[in-house]
Amino acid sequence: RDFLAHGEIRNMGDRNRCVDNLGGWKPPSRVGMYSCHGQGGSQYWQYMKYTNEIKQTHNYDYCLDAISDDQIQIASCHGQKGNQHWTLTVVGELKSANGKCLSHDGSFIILQKCDGSA
């Protein structure tokens, strides 16, 4: 088993909203929030044990990539850490290599200061 966790990535402030690929199965595609549907697919992710990447379960070649603070997208996994390296904090936030955490702007996933509310 090469993953530490798998399944939905739920919003900490609104447990009914999940990280979703919004139908963008191939890079470059923005990642957003959508009502959790419990059917896997576009909302099913794996947090990888050795690389700390977050991969789409249906295609292990694609990872969450923090290209900037206001844009997280699906990109080809490169294994170089950096903008595809994520740390799970003790309160359950996903922190990027730049020290900011996954959050959202209402529609899309972005990075913001870690505060336990995303």
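How many residues are there between strand 6 and strand 7 in their hairpin? There are two. Keep in mind that you're looking at a predicted model. Let's walk through how its strands fit together.

Strands in a sheet hold on to each other through backbone hydrogen bonds, and they can run parallel or antiparallel. Here, six strands make up an open sheet, and the pairing is antiparallel. Read across the sheet, the order goes 1-5-6-7-8-3. At the edges sit strand 1 (3–7) and strand 3 (29–30), each of them pairing on one side only.

Now for some of the pairs inside that order. The table shows where the strands lie and how many bridges join them.

| Strand pair | Bridges | Direction |
|---|---|---|
| strand 1 and strand 5 (residues 45–48) | four | antiparallel |
| strand 6 (residues 54–56) and strand 7 (residues 59–68) | two | antiparallel |
| strand 7 and strand 8 (residues 71–76) | six | antiparallel |

You can find single residues that face each other, too. Start at the edge: Gly-7 has Trp-45 in strand 5 as its bridge partner. Further along, Lys-55 is partnered with Cys-63 in strand 7.

Strand 7 is a nice one to follow, since it takes part in two hairpins. One is the hairpin with strand 6 that we began with. The other is made with strand 8, again with two residues between the strands. In that second pairing, Ser-68 stands opposite Gln-71 of strand 8.

As you trace a strand, remember a handy rule: in a regular strand, side chains point alternately to one face of the sheet and then the other.

How values were computed: Residues are numbered from 1 along each chain as its sequence is written. This is a predicted model: local features need pLDDT of at least 70, side-chain atom pairs count only at pLDDT 80 or more; totals for chains, interfaces and linings use all residues. Side-chain values use heavy atoms; hydrogens and water are left out. Two strands pair if DSSP finds at least two bridges between them.
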